[in-house]
Amino acid sequence: MPEFYSKEEAKAIKTGLYAALVIAVVVLLTVFGRHDTAELDNGESYEVNARFGRTDGLLVGDLVRMAGVNIGKVVNAQLDKDFRAILTLDINENVKIPDDSSASIVSSGIMGKKYIEIEPGGSFDFIMPGGEFSYTQDAMVIEELIDRIISIGKANKSENK
């Protein structure tokens, strides 16, 4: 740094430049980083449905995974007559899903993107194209989870008095 800055000013300028550099790197990684898109092996796929009470944060185009591997994506979302969300999942034709499997809406990290995780069952019969999951687990809303943790903590605290 030039000599006409005091040590404190030079330190503040360096800190600001480092902070700007870190922000620029984060923005570049976000924009040009790895994009999670469901790429089907050969373009062939089939559709299955899953009903959920709530799908908070899950969007059309989000991934469907099994054992952490992308096997499809959400292609449609609509409401049924009971106000439950019906999601249409486009699944790679090479992946056969046992008919006793469950579909859960989960996120990658606390504030991460939502996706559907399929837990395969043990059945030898498979969900047919146009079929539906028998077992689903709704999305957990982070605010509700925090409220539950606080309530449990308060209950434990009052019991220990």
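The following legends describe close-up views of a predicted model.

**View 1. Strand E2 and the orientation of its side chains.** Strand E2 comprises residues 63–66. Leu63 and Arg65 point one way from this strand, while Val64 and Met66 point the other way. All four of these residues are buried.

**View 2. Pairing of strand E2 with strands E3 and E6.** Strands E2 and E3 run antiparallel and are joined by four bridges. In this pairing, Val64 of E2 stands opposite Gly72 in E3. Strand E6, which spans residues 114–119, runs parallel to E2, and three bridges join the two. Here Val64 stands opposite Ile116 in E6. Val64 thus has a facing residue in E3, namely Gly72, and another in E6, namely Ile116.

**View 3. The hairpin formed by strands E2 and E3.** Two residues lie between E2 and E3 in this hairpin. Ala67, located in the turn, has a positive phi of about 55 degrees.

**View 4. The surroundings of Asn70.** Asn70 belongs to strand E3, which covers residues 69–79. Because its relative accessibility is 29%, Asn70 counts as partly exposed, the limits for that class being 20% and 50%. The side chain of Asn70 makes a polar contact with the side chain of Arg65, at 3.0 Å. Arg65 itself is a buried residue of strand E2. Asn70 and Ile116 are separated by 46 residues in sequence, and their C-alpha atoms are 9.8 Å apart in space.

**View 5. Asp80 in the loop between strands E3 and E4.** Asp80 is placed in the loop that links E3 to strand E4 (85–92). Asp80 has a relative accessible area of 14% and is therefore buried, since that class lies under 20%. A polar atom of the Asp80 side chain lies 2.8 Å from the backbone nitrogen of Arg84. When residues up to four places away in sequence are not counted, Asp80 touches Arg51 and Ile86.

**View 6. A nonpolar surface patch that includes Ile146.** The patch is made by Met140, Ile142, Leu145, Ile146, Ile149 and Ile150, and its area is about 480 Å². Ile146 lies in helix H2, which runs over residues 142–159. With a relative accessible area of 44%, Ile146 is partly exposed. This value meets the requirement for patch residues, because they must have over 30% relative accessible area.

Notes. Residues are numbered from 1 along each chain as its sequence is written. This is a predicted model: local features need pLDDT of at least 70, side-chain atom pairs count only at pLDDT 80 or more; totals for chains, interfaces and linings use all residues. Side-chain values use heavy atoms; hydrogens and water are left out. Patches are made of residues with over 30% relative accessible area and no salt bridge: like charges are joined within 9 Å, nonpolar side chains (Val, Leu, Ile, Met, Phe, Trp, Tyr) within 5 Å. Accessible areas come from the Shrake-Rupley method with a 1.4 Å probe; for residues, only the protein chains shown count as cover. A salt bridge is a side-chain nitrogen of Lys or Arg within 4 Å of a carboxyl oxygen of Asp or Glu. Buried means under 20% relative accessible area, exposed over 50%, partly exposed in between (1.4 Å probe, protein chains only). A polar contact is a pair of N or O atoms within 3.5 Å; within protein, one must be able to donate a hydrogen and the other to accept it, and residues adjacent in sequence count only if both atoms are side-chain atoms. Two strands pair if DSSP finds at least two bridges between them. Contact means heavy atoms within 4.5 Å.
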